[in-house]
Amino acid sequence: MEHNLKTVLVDVPGKEYEVQISRDLKAEICSFSSRCTENRDVLIVTDQYLLSGYANALKSSLEEAGKNVLVFVMCGGKASKSFSEVLKIYGILEVNNFARDSVMIALGGGVVGDLAGFVASTWYRGMNLVHVPTTLMAMVDSSIGGKVAINFRDTINAVGNYYHPIANFTDMRFLDTLPDRDFNSGLAEVLKCAFIADQDFANYLSDSCDQILQRELSSLIFCVKRAIEIKVDHIRNDVTERGKRLLLNFGHTLGHAIEMATHSDATGEAFRHGEGVALGMTAAMTLSRSQLGLSSEIVTRVRELIVTYGLPINFSASAYGFDREDLINRCMKLIMKDKKRKDNQLRFVLMDSFGSAVVRSRVPEDQVRAAFEVVIEE
Ligand SMILES: NC(=O)c1ccc[n+]([C@@H]2O[C@H](COP(=O)([O-])OP(=O)(O)OC[C@H]3O[C@@H](n4cnc5c(N)ncnc54)[C@H](O)[C@@H]3O)[C@@H](O)[C@H]2O)c1
């Protein structure tokens, strides 16, 4: 076993479990699965990418430990977060008599975690769920916090739940194979955690960028652990997002509008989720300056850090086939739709000093437009 094991305790109302962070955790997953329940049935939900390399090896190890193991390989991509995939998994659970105390292992990125988590949360009103996140985004964000969801028609994450696992095994070996673009996308959430809550961590990310971008193990473990601790600290007493948890949305409202407005059925997504968050954080810095008088030095520091980690702070609308004015109007429309869902208030998370953020309501519409104008160029 890797000597470098770190753990984070997630203690939310009604549930307490550990996130184990290390390299090569297969033996730990097997021994936990044997200890946590006498029920022998395990379903691994995964995608094609992880099937031959890891899922089959995990299946063999679990079988050696006495478990009956089935593997469900989802159809692939974001389209998998759908009712049709949910029904396929329910079918397997029913035919094979899976009970509440059987175990579902979500082995994959955020898509696998959201889909498997949603199914686990509803099967007999909640069966044992174990997260094994394999992308940086899933490690620091989607597998932490209990949000699980599938999409409905065009509405992303429309049908969902809050449901926590009984354990989370965050194995750094998965980061070896993650493409740079996905790795950097996950780093946007790491940066966000530092920006909203921890100046020292933000300084560390600034000083240690070479080691982190070279994926040096101890730096990665430190970053992942710290980001998870910050997330847990923000959800602990606010599971349903009414207070402190809102701060985790830094860059998300504006970024989500850009992600949605630039998505087309013909060409798919223009930006990864983390890239959208990076653009959203940059736009939020403009609002932080106009609304809270944040210094231009801090704005520059934040922008520089985002760029250092290979993430965008602006983009050319025409390079993606859009008319700039048109695209900004679409972003504003999406923001106004979002406002309707949130007590009819234009509310944003803004940075009030380096490593600290607040929620600001009643932000004027023209300032929001100005923030989009900074990141969306001709
Ligand atoms: N529940 C939440 O709180 C929450 C938070 C953020 C994002 N999300 C959701 O997460 C999803 C995005 O997750 P994601 O960014 O992990 O993308 P993803 O799950 O789509 O994975 C991206 C790609 O990476 C591949 N992959 C997975 N692990 C790999 C590895 N170790 N090496 C190489 N390739 C690997 C996958 O096969 C996939 O093709 C979205 O659906 C989003 O809505 C949920």
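**Exercise 1.** Sort the shell around the ligand by residue class.

*Solution.* Start with the classes. Ala, Val, Leu, Ile, Met, Phe, Trp, Tyr, Cys and Pro count as nonpolar; Asp, Glu, Lys and Arg count as charged; the others, Gly among them, count as polar. The shell then has six nonpolar, seven polar and five charged residues. This is a predicted model, where local features need pLDDT of at least 70, side-chain atom pairs need 80 or more, and totals for chains, interfaces and linings use all residues. Residues are numbered from 1 along each chain as its sequence is written, and side-chain values use heavy atoms, without hydrogens and water.

**Exercise 2.** Find the residues that come nearest to the ligand.

*Solution.* Count a residue as near if one of its heavy atoms lies within 4 Å. Of the 18 residues around the ligand, Asp47, Gly110, Thr134, Thr135 and Thr177 come nearest. Next, look at helices (DSSP runs of H or I, at least four residues, numbered from the N terminus). Helix H4 (110–122) and helix H5 (136–142) each give the shell at least two residues.

**Exercise 3.** List polar contacts between backbone and ligand, then state how much of the ligand is covered.

*Solution.* A polar contact is a pair of N or O atoms within 3.5 Å. Take the ligand's oxygen side: one oxygen atom is 2.8 Å from a backbone N or O atom of Gly110. Now nitrogen: a backbone N or O atom of Lys147 lies 2.9 Å from a ligand nitrogen atom. A polar backbone atom of Phe174 is also 2.9 Å from a nitrogen atom of the ligand. Finally, coverage: on its own the ligand has 880 Å² of accessible area (Shrake-Rupley method, 1.4 Å probe). The protein covers 81% of that area.

How values were computed
Polar contact = N/O pair within 3.5 Å; in protein donor to acceptor, adjacent residues only side chain to side chain.
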